[in-house]
Amino acid sequence: MTPPTDSRVDVRKTYKLYIGGAFPRSESGRSYVVNDSKGRFFANASYASRKDARDAVQAARKAFGGWSTRTPYNRGQVLYRVAEVLEGRRTQFVDEVQRSEGLAKRQAEAAVDMSVDRLVWYAGWADKIAQVVGGTNPVAAPYFNFSVPEPTGVVAVLAPQRSSLFGLVSVVAPVVLTGNTCVVTASADRPVPAITLAEVLATSDVPAGVVNILTGSLADTAPWLASHMDVNALDLTGAAGDADHARQLEEAAAENLKRVLRAPAAEPDWTKEPGLERMTAFLETKTVWHPIGI
Amino acid sequence: MVSTVSTGSTTGSENRFVYAPALESRSVVDIRSSYGLFIDGAFVDTEGGRSFKTINPATEEVLAEVAEATADDVDRAVRAARRAYTRVWSRMPGRERAKYLFRIARILQERSRELAVLESIDNGKPIREARDVDVPQAAAHFFYYAGWADKLEYAGLSTAEGGPPKPLGVAGQVIPWNFPLLMLSWKIAPALACGNTVVLKPAETTPLTALLFAEICQQADLPAGVVNIVTGAGETGRAVVAHDDVDKVAFTGSTEVGRLIARTVAGTDKKVTLELGGKAANIVFDDAPVDQAIEGIVNGIFFNQGHVCCAGSRLLVQESVAEEVLDRLKRRMSTLRVGDPLDKNTDVGAINSAEQLAKIRELSDIGEQEGAGRWSPACELPAHGYWFPPTVFTGVTQAHRIAREEIFGPVLSVLTFRTPAEAVEKANNSPYGLSAGVWTDKGSRILWMANHLRAGVVWANTFNKFDPASPFGGYKESGYGREGGRHGLKAYLR
């Protein structure tokens, strides 16, 4: 074999969906052209269909039992592992975020670094959130009474459209950290970092199906996720600024009373410390009573 | 009711399983012939020039010469800690402090085999316990508190003026020999997470894992002076506690020394937490799941050779089942394997020091003299090293010294009771109040007992369970303050 020369033709990657720990193409066989911020061809991405969305929900449901019963300590360790592996791919992410979002290199580096830090921040919450939002309730009778947070189930997450990695990490981490599983629709125009993140998740001890990532148009997947009867909650962040679409999705979600995190008027400033809201939005509170007596 | 097969002091010894030795290799550890102090990020010689030997209590072999820190050395360490606090650590965002702690947690996991073997050699504890309890718990503790470093404003604490909580400054920490690395983690992880720097003195009989931890701090590129390790005995500890520029004293050890520390800091602004002795009651009701209870009793008193401050050293059994429980307990004790700590089959290892062995012997002899019935299974003890067989005393009354004083060895005193109220009365009849165990199938009774027991930790149908997320600490003369969990942060914040 002769060493490569300047005229070497590079090997390009096919970007696919991430469902149940595997990387399938869309069952519809469709794909779409993703351009970089300067309008040049970047990649062909899979264009997920209604059926892909349903497959993803099924995978998320299947993963829920195992993931939600892991110890919080273990989920924290896994999320920290994701941060470690993401940091190891820093250069690749910087390049992809830069090309996707049209940032200066330094800004793209900051976005990747903040993504790692956010994962670490949430990893630390795994075995603490119950200590902050749970507790004992001093009822006026001889009962021991306590409340604990529990994950809500399968969450459909519309990831932000602009912040292709940092925003994505900021919405996915708080959902899965507490034991939920999710189906995520990536930024339609900037999906490449999301698929690379899927490769990170696939190699970071995150069980198959805990995070499922769909690329393509929101119009082709979001309505089906919003109306799916086996989805327990809906994060509409990715519909920011499109009040009509967000309202339609929320109406569809009402059928089985999904917990809805509403779409903000504009995409949030992801650099702000998030607080607990993104975790508590997808937590149930369980209260246990037990008598006290000889 | 399950009938017992036979009773008597030799039961079990005839049909004992024969195990092939399963020795853990020592080759993974590299013990240097001598160690200096770890001050300001580097190993340095003591200014006093004196040293002491640390030995393997299972063989009496000298492992290393370790520097004995003088008051001047402690002063150097405190000054380094103060500098690191002022210039680096208190200014660093919690998010970045967290990353150092996560790094340390990861290195503890990566070097777990080495740490476990070293701990077993220096302490005498079975490799199985060092491997499965001490080291993983130590790593988990760092992992847990790493997560708090940038979340302190969520802990429900505030300064006296009402603002967000602030670190205290330099913490002087003195730890015991029973869980050397784990106690180090309980001290250092929350202190650093909250933004303090530390000067820590490990016990004189078990300094080696603390010194390996110092290397781990170097590997993690922890800024110099954030962690300082000063080795030595009582004098060194006194210098740490009494140093004027120490803002916080954290001590785990005997109640006697705890009292001295409380007197030493009187009239100063130093914050103090003390985790001291115990004489825990392990209470078994007649409806308890007996097999689990027997395992719990054994784990409660023979885990770590009984060198556990929260050990279940007083067994309170309901009278109606006392005979059955005792028979089964003796049978189970006969299967305990006492011997080489590095053998993976070993259940009970070596007593940590000659001094501790003498104390256990003395109190056990007093138990006999006071009229309690002494029993140990037949077991061969190695010719060298410090050993004491698992021992149970029956017919113990509340006035007996073995029912009142902490023996800190594999010695169990058995008392009986008739009603829950009597169990509570007897359990609480102690100046200590660290922990208690309750064994019953009835949930409401567990909670009733838990309400009435004056102890900081109550285990129900289990014993000696620890978790970084769970607060630990005592009532009464078992000390004050809590370590672990969200509550553990309070000890290092103002």
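Before anything else, a term: two strands pair if DSSP finds at least two bridges between them. What you have in front of you is a predicted model.

I'll begin with the sheet in chain A. Strand 4 of chain A, residues 143-151, is joined to strand 10 of chain A by nine bridges, and the two run antiparallel. One of the residue pairs is Glu150(A), whose bridge partner in strand 10 of chain A is Glu284(A). The sheet is open, has three strands in the order 3-4-10, and its pairing is antiparallel. Which strands are at the edge? Strand 3, residues 135-136, and strand 10 of chain A, each of which pairs on one side only.

Strand 10 also brings us to the interface. Here 19 residues of chain A are in contact with 22 residues of chain B. On the chain A side, helix 2 (72-88), helix 4, helix 5 (129-133) and strand 10 (283-291) each give two or more residues. Helix 4 of chain A has the largest share, six residues. By class, this side of chain A has eleven nonpolar, five polar and three charged residues.

Now to helix 4 itself. Its axis in chain A, residues 105-125, comes within 8 Å of the axis of helix 4 of chain B, residues 127-148, and the two cross at roughly 115 degrees. The crossing is left-handed. Where they meet, Ala123(A), Gly124(A) and Trp125(A) are on the chain A helix, and Ala146(B), Gly147(B) and Trp148(B) are on the chain B helix. This helix contact counts four nonpolar and two polar residues, with no charged ones.

Terms used
Residues numbered from 1 in each chain as written. Chains lettered and ligands numbered in written order. Predicted model: local features only at pLDDT ≥ 70, side-chain atom pairs only at ≥ 80, totals over all residues. Axes fitted to C-alpha atoms, helices over the stretch in contact; angles between N-to-C directions. Helix = DSSP H or I, 4+ residues; strand = E, 2+ residues; numbered from the N terminus. Left-handed = near helix turned anticlockwise from the far one by under 90°. Contact = placed C-beta atoms within 7 Å. Nonpolar A, V, L, I, M, F, W, Y, C, P; charged D, E, K, R; others polar.
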